[in-house]
Amino acid sequence: MKDRIQDANFPKTEDGRVYHLGIRAGEVANRIITVGSTSRAESIAKMLDASPKLFSLYSERGFLTITGCYKSVPVSIVCIGMGAPNADFFIREVRECLCGDMLVIRLGSCGCLTDLPVGSLVLPASSVACTRNVDFDFASYDPWEVPYKLSKPVSADPDLHRALHDALEATRPPSLKNLVVSNAVNASTDSFYSSQGRQTSFQDHNASLIDHLKAAVSGLTTLEMETFWIFHLAASWRGVKQSSSAVNLPLATVPVVPAFSGIPSGILEKVEVHLPGLDKDTSSRPVIRAAAAQMVFASR
Ligand code: R1P
């Protein structure tokens, strides 16, 4: 990869590649499944069509992009690792490579704050951010600050959320009734440890954090680290009108459940999500739609 940066606002290599994912226009599809680990990405990729040959790029910053077709419709699987900064690189850099609408489904694991059994699938209708207040004096105590901050909620795209829910419900065996939950609230944290209430050798002043979160956020069900920032960027992006070459594709399906292999109690063998069509009107502003499904791997 040539690495002379030409534009400080949006650095790209001389051959047009975004700087951290390493991809360029034409190498990522408008419909994207994003996951946190490369093995999950590769499991889903096994379900893509044999032809055309898959595009696969593992960037030197640790992002994996696999692009191919599923039932002849272009789909990308992007492994972004963990946390808000990686989610930010992902949404912005993929967006930079696309024309037209961008549809993102994040498939991941989560901790659970209710009595849902391990292996349940939670589809958060909205997400809040819970972040460490670095102005709080963690070394001693600070009567003037709170140690953790809670954001307002941001919603999943309602159409994509419903499509994901319907697909999971249609595929779920009857014996697994109530294991798909779609009216839940998620909290995305900026640490797996302090802002998720774990007790470690650090003085995190978080012993009552989980109780506080449950009291403050009605319907709070899951904790993980990326969904809020994906929903937030999707909801706040305002694309500019595009004159030509926007990608026009009809309703399509993507495979989702192999993403959960390696997580306890994979409950469904195969789910296809019928995605909304991409906007055919190239004179309108494109949008980013995002939704998420999270498999409970532990309850607290
Ligand atoms: C932490 O172990 C990771 O697991 C959860 C959190 O969001 C964080 O990324 O999700 P994934 O298993 O989908 O990565």
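## Backbone details in two loops

Let's start with Pro-52, which sits in the loop between helix 1 (38–45) and strand 2. In this predicted model, the peptide bond leading from Ser-51 into Pro-52 is cis, and its omega is near 0°.

A second loop is worth a stop as well. Ser-72 lies between strand 3 and strand 4 (73–79), in the loop that joins them. Although Ser-72 is not a glycine, its phi is positive, near 75°.

## Aromatic pairs

How many aromatic pairs does the model contain? The count comes to 6 aromatic pairs. Phe-63 and Phe-89 form an edge-to-face pair, because their ring planes stand at 75° and planes over 60 degrees apart fall in that class. The centres of these two rings are 6.2 Å apart.

This pair brings together distant parts of the chain, with the two positions 26 residues apart in numbering. Phe-63 belongs to the loop between strand 2 (55–58) and strand 3 (64–70), whereas Phe-89 is part of helix 2 (residues 84–97).

## Around the ligand

Now to the ligand, which takes up the space of the largest pocket. Its surroundings are made up of Gly-36, Arg-40, Met-82, Arg-106, Gly-108, Ser-109, Phe-192, Glu-224, Met-225 and Glu-226. By character, this shell splits into 4 charged, 3 polar and 3 nonpolar residues.

Which element gives the most to the shell? That is strand 5 (residues 102–112), with 3 residues.

## Polar contacts and burial

Three side chains are good places to look for contacts with the ligand's oxygen atoms. For Ser-109, an N or O atom of the side chain is 2.5 Å from a ligand oxygen. The side chain of Arg-40 has an N or O atom 2.9 Å from an oxygen of the ligand, and for the side chain of Arg-106 the corresponding distance is 3.0 Å.

How much of the ligand does the protein bury? Taken alone, the ligand exposes 340 Å², and the protein buries 85% of that.

Note on methods
Residues numbered from 1 in each chain as written. Predicted model: local features only at pLDDT ≥ 70, side-chain atom pairs only at ≥ 80, totals over all residues. Heavy atoms only, no water. Near = heavy atom within 4 Å. Polar contact = N/O pair within 3.5 Å; in protein donor to acceptor, adjacent residues only side chain to side chain. Areas by Shrake-Rupley, 256 points an atom, 1.4 Å probe, with all protein chains shown as cover. 1 Å grid on protein atoms, 1.4 Å probe; cavity = no way out; pocket = protein on both sides within 12 Å on 5 of 7 lines; lining within 4 Å. Sits in = over half its atoms within 2 Å of the grid points. Helix = DSSP H or I, 4+ residues; strand = E, 2+ residues; numbered from the N terminus. Nonpolar A, V, L, I, M, F, W, Y, C, P; charged D, E, K, R; others polar. Phe/Tyr/Trp six-rings, centres within 6.5 Å; stacked < 30°, edge-to-face > 60°.
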